[in-house]
Amino acid sequence: MEKRICLFMLVALPLCTRAQQTINYSILVDSVQREFILYVPASYDGTTSVPLVFSFHGLGGNAQAQMEDHDFRPVADTAGFIVAHPLGEPVVGPVRGWNFGDDSLPDDVLFTAEMIDTIAADFNINLDRVYACGMSFGGFFSVFLAGQLGDRIASIASVAGTILNNVPDSMIAPARPMAFLEIHGTGDNNVPYNGNQASKSAQYVLDLFVDHNNCDTIPSITALPDVNPNDGSTVEHYVYANGEDGTTVEHLKVIGGRHTWPDENTNAQGVNRDINGCVEIWKFFSRFDMNGSIGSPLNTESIAGLPTISVYPNPAQEYIIIESKNPVKDARIYNYSGREFMLPARFFDAKIQIDVKSIPPGFYVISIAHDVGIFKSIFIKQ
């Protein structure tokens with residue numbers, strides 16, 4: 001490995017200002033010039049360490065399209081994390097993708113490690129909170145990183161990607177318990193939900209992490225609200241709870257969904273609009289670091305038999321609905337600076353409707369007081 005060389009161009013304002021920045025990096029990794037795009041939210045000021053999320057593009061994709069189509073930037077702006085969008089090298093002819101251990105191709109595990117080092121040298125990164133996710137081939141690679149870079153990646157999420165059949169399980173399993181999220185459409189024709197000659201099924205990769213983390217083998221299953229009945233799909237949330245170090249393995253099963261990222265910024269057929277993939281991934285990541293669970297779950301459903309609470313739509317524009325099987329005593333909304341917003345609410349039999357038109361777009365936490373405790377959920381105001 002040669003000495004790392006970092007060349008970068010600011011496509012915004014200098015680091016001392018409080019504005020969003022998009023930074024194009026080029027680093028030398030084993031004689032190959034590698035590139036990635038970094039997004040830094042306006043809230044970053046260098047005084048406190050922040051999480052880092054890697055978002056890997058699919059086969060034939062690129063970093064710019066990944067950033068635009070599967071857009072973490074609105075979430076990062078309000079939750080305060082940095083996002084890296086790596087660019088893969090050609091792996092099949094001129095088609096860009098990721099390397100799963102082929103010595104004839106550039107080493108993408110090393111590339112990821114070098115990106116962490118580069119970004120941490122330039123920004124105040126919480127190295128216990130580095131996460132990886134990706135779309136399709138980028139999802140496959142994120143799963144691969146669990147086993148290959150598990151000492152530096154806190155948890156993994158994969159959208160429409162599982163495990164390639166030619167990659168042995170021994171290369172996937174991390175050396176410690178690791179929380180894992182799989183988002184996958186049952187109508188995916190590119191990476192079939194039930195697997196094919198090229199890839200394992202969605203259930204296969206879930207079972208691998210359930211077994212590795214010693215999670216409950218029977219999941220709790222919650223049907224999420226069908227917010228957009230015209231998108232041709234619905235979502236079920238599977239939670240395999242009680243893993244070691246507080247880890248869970250979770251699955252957002254998009255029934256009828258195609259080879260897409262939920263609520264992606266494209267007009268592709270089969271995109272689910274009931275949930276936002278970036279929101280769901282961050283909701284998941286925000287609960288874990290390198291040591292496992294870092295607090296109570298910030299999700300919209302209960303786990304392991306507790307009463308079910310749903311908060312929808314998410315993202316929201318005018319109203320959010322809290323729906324519960326049991327009475328809600330109190331609901332409070334905060335931004336990530338801890339400021340509370342007192343908002344108009346209407347009460348129905350099993351629902352509370354909260355008017356959010358007056359609050360600025362951003363990322364919020366809603367705290368819901370219930371008979372059995374406090375539940376927290378994250379939502380985005382568009």
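This report describes one helix, the nonpolar cores, and the enclosed and open spaces of a predicted model.

Helix α4, which runs over residues 137-148, has 12 residues and reaches 16 Å from its first C-alpha to its last, close to the 16 Å expected at 1.5 Å a residue. Because 10 of its 12 residues are buried, α4 is largely enclosed by the rest of the structure. The buried residues of α4 are F137, G138, G139, F140, F141, S142, V143, F144, L145 and A146, where buried means under 20% relative accessible area.

In soluble globular proteins, nonpolar side chains tend to be buried together. In this model the largest nonpolar core has 53 residues, and the members that touch the most other members are L38, F54 and F123. For F54, leaving aside residues up to four places away in sequence, the residues touched are A84, P86, T112, M115, I116, I119, V130, Y131, A132 and C133. Apart from the largest core lies another core, of 36 residues, with A79, A154, I183 and W261 among them.

Turning to the open spaces, the second largest pocket has a volume of about 370 Å³, and 22 residues line this pocket, of which G58, L59, S136, F137 and H259 lie nearest its centre. F137 is thus named twice, as one of the buried residues of α4 and as one of the residues nearest the centre of the second largest pocket. Two helices, α1 (63-69) and α4, each supply at least two residues of the lining of this pocket, and α1 gives the most, with 3 residues.

As for enclosed spaces, the model has 4 cavities of 30 Å³ or more. The second largest cavity holds about 50 Å³ of space and is lined by V159, I183, H184, G185, V254, G257, R258, T260, W261, P262 and N272. Strand β10, residues 180-185, provides the largest share of this lining, with 3 residues. I183 and W261, which are among the members of the 36-residue core, also appear in the lining of the second largest cavity.

The table sets out the two linings by residue class.

| Space | Volume | Nonpolar | Polar | Charged |
|---|---|---|---|---|
| Second largest pocket | about 370 Å³ | 8 residues | 12 residues | 2 residues |
| Second largest cavity | about 50 Å³ | 5 residues | 5 residues | 1 residue |

Conventions:
Residues numbered from 1 in each chain as written. Predicted model: local features only at pLDDT ≥ 70, side-chain atom pairs only at ≥ 80, totals over all residues. Heavy atoms only, no water. Helix = DSSP H or I, 4+ residues; strand = E, 2+ residues; numbered from the N terminus. Expected span 1.5 Å × (residues − 1). Buried < 20%, exposed > 50% of the residue type's maximum accessible area, 1.4 Å probe, protein only. Core = buried A, V, L, I, M, F, W, Y, C linked by side-chain atoms within 4.5 Å. Contact = heavy atoms within 4.5 Å. 1 Å grid on protein atoms, 1.4 Å probe; cavity = no way out; pocket = protein on both sides within 12 Å on 5 of 7 lines; lining within 4 Å. Points joined across faces, edges and corners; volume = space filled by probe spheres on them. Nonpolar A, V, L, I, M, F, W, Y, C, P; charged D, E, K, R; others polar.
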